[in-house]
Amino acid sequence: MRQARTKDVPVIRALIDQNVGSGRLLDKHTVNLYEDILEFCVAQDTADGTVVGCGALHVMWEDLAEIRTVAVAMACAGHGIGHLIVDDLLDRARVVGVARVFCLTSRCSSSRATDSPKSTARPVAPEVYAELLRSYDDGVAEFLDLDRVKPNTLGNTRMLLRL
């Protein structure tokens, strides 16, 4: 595992592209991958250094972050790389002082998180909610359960882990 670099963006782009058609990941513009490169970590094959997976930690608030864009090369699926990526991102969350980490997923196989009940209640304090509404980030909108992202997130489950 290591911090992603700008030279990794083409590989991250390819990993995302492999998962968009199935609905596992939302598409991202390449410019956003460059803008968000500091949020990403990558998994490398120990034999040849090839990037075989990626994931990002997006801090949303003082104590809240999202794990997003976790993808593993199809040839490496089932080898635990996704778990390594999530573990690395959770470690990063702890280092920066985040107490709650969530992931929006249509796959609920992770033992690292528990289902957060879906409700109309706001997931954060009203003043934080009001501030987060100013964000243009779709991940923030998904977390807040805003109607504008519904077509993209049908079937997603919120997974929330308290660190």
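The legends below describe close-up views of a predicted model.

**View 1. Arg2 and Asp8 form a salt bridge.** The side chains of Arg2 and Asp8 meet with a nitrogen-to-oxygen distance of 2.8 Å. Arg2 is buried, and Asp8 is buried as well. This pair belongs to a structure in which a search of the whole finds seven salt bridges. Side chains of opposite charge can pair when their charged atoms come close.

**View 2. Arg13 and Asp17 are paired within helix α1.** Helix α1 covers residues 9–20 and holds both Arg13 and Asp17. Because Arg13 and Asp17 lie four residues apart in this helix, about one helical turn separates them. The two residues form a salt bridge, in which the closest N and O atoms are 3.0 Å apart. Arg13 is buried, with a relative accessible area of 15%. Asp17, by contrast, is partly exposed, and its relative accessible area is 43%. Salt bridges with shared partners also bring in Asp27, so that Arg13, Asp17 and Asp27 make up one network.

**View 3. Glu66 and Arg68 form a salt bridge.** The closest N and O atoms of Glu66 and Arg68 are 2.8 Å apart. Both Glu66 and Arg68 are buried.

**View 4. Val59, Val95 and Val96 make a nonpolar surface patch.** The patch formed by these three valines has an area of about 300 Å². Val95 is located in helix α3, which comprises residues 81–96. At a relative accessibility of 73%, Val95 counts as exposed, because the cut-off for an exposed residue is over 50%. Membership of a patch calls for over 30% relative accessible area, and the 73% of Val95 is therefore sufficient on this point.

**View 5. Cys76 and Cys103 are shown with their surroundings.** Cys76 is buried, with a relative accessible area of 16%. This value places Cys76 in the buried class because the cut-off for that class is under 20%. Cys103 has a relative accessible area of 23% and is partly exposed. A search of the whole structure finds zero disulfides, and neither Cys76 nor Cys103 is therefore part of one.

Note on methods: Residues are numbered from 1 along each chain as its sequence is written. This is a predicted model: local features need pLDDT of at least 70, side-chain atom pairs count only at pLDDT 80 or more; totals for chains, interfaces and linings use all residues. Side-chain values use heavy atoms; hydrogens and water are left out. A disulfide is a pair of cysteine sulfur atoms within 2.5 Å. Buried means under 20% relative accessible area, exposed over 50%, partly exposed in between (1.4 Å probe, protein chains only). Patches are made of residues with over 30% relative accessible area and no salt bridge: like charges are joined within 9 Å, nonpolar side chains (Val, Leu, Ile, Met, Phe, Trp, Tyr) within 5 Å. Accessible areas come from the Shrake-Rupley method with a 1.4 Å probe; for residues, only the protein chains shown count as cover. A salt bridge is a side-chain nitrogen of Lys or Arg within 4 Å of a carboxyl oxygen of Asp or Glu. Helices (H or I, at least four residues) and strands (E, at least two) are DSSP runs, numbered from the N terminus.
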